[in-house]
Amino acid sequence: MVRTVGDPESYSQAVVDQIRNENSQQPVYDVRSMDEWLKRTLQSRSLLTGTVALFSGASLLLACLGLYGVVSYTADLRLREFGIRMALGADKGHVRGLVLRHAGKLALSGSAIGLALSWPVGRALQSLLFGITNGDAVSWAVAPGLLILVALLAGFGPAGKAARTDPAVTLRAE
């Protein structure tokens, strides 16, 4: 190892020449700067971190799509109920609230279960990720918060559809 001032690459040939002058039998190979050694050493960790980030983003996207599907499907199943409620005097805001409350309950219960199950996984991954502890408050708050937000946003489409249900058409279908 040689400490240099300035660009270490400019000194590499002089260092190799000096080593050969001292001992011509000494093999010299793979001369690199410390920055390159660090990049090479951390490359596998960076790849692992990127892979974890990719899979966590994909799982979050799948969770959001699944949540939208469940909320939309259950709202479609309850269209008859919403039509009857509206025929009996419920206003559109009440029907929207039913769908959004259902979406919120799904998100809250899913987030609680996910947080409970993620604790042991976080402990296992803690040794693989630099600077991230198992008690990272940002991660523990952002992921459930994002899922709850997405659940409520996903509920707006089905809630609007449920609120536009025509009670006369619903009652005639029976």
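Here are some notes on the helices, the second largest pocket, the largest cavity and a few single residues of this predicted model.

1. **How α4 and α5 sit together.** Start with the helix pair α4, which covers residues 92–125, and α5, which covers residues 137–163. Their axes lie 8 Å apart, and the packing angle is about 155 degrees. Angles over 145 degrees count as roughly antiparallel, so α4 and α5 fall into that class. As for the hand of the crossing, α4 and α5 make a right-handed one.

2. **What the α4–α5 contact is made of.** If you sort the residues of this contact by class, you get 19 nonpolar, four polar and two charged. So if you're colouring the model by residue class, nonpolar is the colour to expect for 19 of the residues where α4 meets α5.

3. **α3 against α4.** Helix α4 also has α3 to deal with, a helix that spans residues 79–87. The axes of α3 and α4 come within 10 Å, and they cross at roughly 150 degrees. That angle makes this pair roughly antiparallel too, because the cut-off is 145 degrees. The crossing of α3 with α4 is right-handed.

4. **The cavity.** How many cavities of 30 Å³ or more does the structure hold? There is one, and the space in the largest cavity comes to about 40 Å³. Its lining is made up of Val 71, Thr 74, Ala 75, Arg 78, Phe 82, Val 99 and His 102. Two elements give two or more residues to that lining, namely α2 and α4. Helix α2 has the largest share, with three residues. By class, the cavity lining holds four nonpolar residues, two polar ones and one charged one.

5. **The second largest pocket.** This one has a volume of about 600 Å³. It is lined by 22 residues, and those closest to the pocket centre are Met 1, Val 2, Val 31, Arg 32 and Trp 37. Which elements give two or more residues to the lining? They are α1, residues 12–22, and α2, residues 34–77. The largest share is that of α1, at four residues.

6. **Character of that pocket.** The lining of the second largest pocket splits into 13 nonpolar, five polar and four charged residues. If you want a place to start looking on screen, try Trp 37 and Arg 32, both among the residues closest to the centre of the pocket.

7. **Two glycines in α5.** Gly 157 and Gly 160 both belong to helix α5. Is Gly 160 buried or exposed? Its relative accessibility is 12%, and the limit for buried is under 20%, so Gly 160 counts as buried. Gly 157 has a relative accessible area of 41%, which makes it partly exposed, because that class runs between the 20% and 50% limits.

8. **Distances from those glycines.** From Gly 157 to Ala 137, the C-alpha separation is 32 Å, with their positions 20 residues apart along the chain. For Gly 160 and Ser 46, the C-alpha atoms are 44 Å apart, and the two residues are 114 apart along the chain.

9. **Arg 20, over in α1.** You'll find Arg 20 in helix α1, the helix that gives four residues to the lining of the second largest pocket. With 42% relative accessible area, Arg 20 is partly exposed. Its C-alpha atom is 69 Å from that of Ser 109, a residue 89 positions away along the chain.

Key. Residues are numbered from 1 along each chain as its sequence is written. This is a predicted model: local features need pLDDT of at least 70, side-chain atom pairs count only at pLDDT 80 or more; totals for chains, interfaces and linings use all residues. Side-chain values use heavy atoms; hydrogens and water are left out. On a 1 Å grid over the protein atoms alone, a cavity is a set of points where a 1.4 Å probe fits but cannot get out, and a pocket is an open set with protein on both sides within 12 Å along at least five of seven lines; lining residues have an atom within 4 Å of a point. Grid points are joined across faces, edges and corners, and a volume is the space filled by probe spheres set on the points. Ala, Val, Leu, Ile, Met, Phe, Trp, Tyr, Cys and Pro count as nonpolar, Asp, Glu, Lys and Arg as charged, and the others, Gly among them, as polar. Axes are lines fitted to C-alpha atoms, for helices over the stretch in contact, and angles run from 0 to 180 degrees between N-to-C directions. Angles under 35 degrees count as roughly parallel, over 145 as roughly antiparallel, 65 to 115 as roughly perpendicular and the rest as oblique. A crossing is left-handed if the near helix is turned anticlockwise from the far one by less than a right angle, and right-handed if clockwise. Buried means under 20% relative accessible area, exposed over 50%, partly exposed in between (1.4 Å probe, protein chains only).
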